Amino acid sequence: MATSPVHKALYPPRNLNRLHRRFPLLFPKDTILLIHGYPELSYQFRHVIPLFVKRGHKVIAPDYRGAGHSSKPCEGYNKVTLATDLYELLTKHLGVKENVHVVDHDIGGMVAHAYAVRFPEGTKSVAWGECPLPGTKEYDVILPNSGVGKRELPPFVSPGIDSHPV
């Protein structure tokens, strides 16, 4: 696989999961975190990343845990853990200090929701794409028919339900 300033692999310390990321080397403006859907990868953003970069934004588009070249541990696939992975990638490994714009697609919307709720001090804005928002009527109607068990969702999405994966 060819590498460029927009495509690098990150290998954090051994006690952390490896996340695959794409971002430019120069970061003059706001940071945009792109969270892909499922079964997509950060590759789905390949056409928009150059547009954001051309306007001077720092763009970070990792493959979250279990996707693409990221590590594939046996557990930790709930949305809060995925959001925490992304937050730690930005703050601990990439040194992002400013609040970020979180942009998602599909199931990445649930990860973005978990990110914004769990880390409001690190979130500047959130933009959802093709995903029902947790806590809305549409979400409550779609979820039971989607094959996704409520036990897989973060506790703030399903109050009173154990959030550990089945």
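Strands 5 and 6 run parallel and are joined by 4 bridges. Within this pair, Val103 stands opposite Ala127 of strand 6. The model described here is predicted, and these two strands make a handy starting point for a walk through it.

The pair belongs to an open sheet of 4 strands, which follow one another in the order 4-3-5-6 with parallel pairing. Strand 4 (58-60) and strand 6 (123-127) form the edges, each pairing on one side only. On average, neighbouring strands of the sheet are turned by 20° against each other, direction ignored. As background, strands of a sheet pair through backbone hydrogen bonds, in either a parallel or an antiparallel manner.

Taken as a whole, the chain contains 4 helices and 6 strands. Their succession along the sequence reads β-β-β-α-β-α-β-α-β-α. Of the contacts between residues at least 6 apart in sequence, 61% link residues at least 24 apart.

Two of the helices can be placed against the sheet. Helix 2 lies across strands 3, 4 and 5, and runs at about 150° to strand 3. Helix 3 lies across strands 3, 5 and 6, and its angle to strand 5 is about 155°.

What lies in the interior? Buried residues account for 43% of the chain's 166 residues. In soluble globular proteins, nonpolar side chains tend to be buried together. The largest nonpolar core here has 20 residues, and Leu33, Ile35, Leu90, Val100 and Tyr115 have the most contacts inside it. Strand 3 (31-35), helix 2 (79-93), strand 5 (100-104) and helix 3 (108-118) each contribute at least two residues to this core. Helix 2 gives the largest share, 7 residues. Leu90 offers a good view of the packing: beyond its neighbours within four places in sequence, Leu90 is in contact with Leu33, Ile60, Gly95, Val96, Val100 and Tyr115. A second, separate core has 6 residues, among them Ile32, Leu34, Val59 and Ala61. Turning to the outside, the chain exposes about 9,100 Å², of which carbon and sulfur atoms supply 58%.

Two loops hold backbone details worth a look. In the loop between strand 3 and helix 1 (49-54) sits Pro39, and the peptide bond leading from Tyr38 to Pro39 is cis, with omega near 10°. The loop between strand 5 and helix 3 contains Asp106. Asp106 is not a glycine, yet its phi is positive, near 60°. Is Asp106 buried, partly exposed or exposed? Its relative accessibility is 24%, so Asp106 counts as partly exposed, given that buried means under 20% and exposed means over 50%.

Terms used:
Residues are numbered from 1 along each chain as its sequence is written. This is a predicted model: local features need pLDDT of at least 70, side-chain atom pairs count only at pLDDT 80 or more; totals for chains, interfaces and linings use all residues. Side-chain values use heavy atoms; hydrogens and water are left out. Buried means under 20% relative accessible area, exposed over 50%, partly exposed in between (1.4 Å probe, protein chains only). Contact means heavy atoms within 4.5 Å. Accessible areas come from the Shrake-Rupley method with a 1.4 Å probe; for residues, only the protein chains shown count as cover. A nonpolar core is a set of buried Ala, Val, Leu, Ile, Met, Phe, Trp, Tyr and Cys residues joined through side-chain atoms within 4.5 Å. Two strands pair if DSSP finds at least two bridges between them. Axes are lines fitted to C-alpha atoms, for helices over the stretch in contact, and angles run from 0 to 180 degrees between N-to-C directions.
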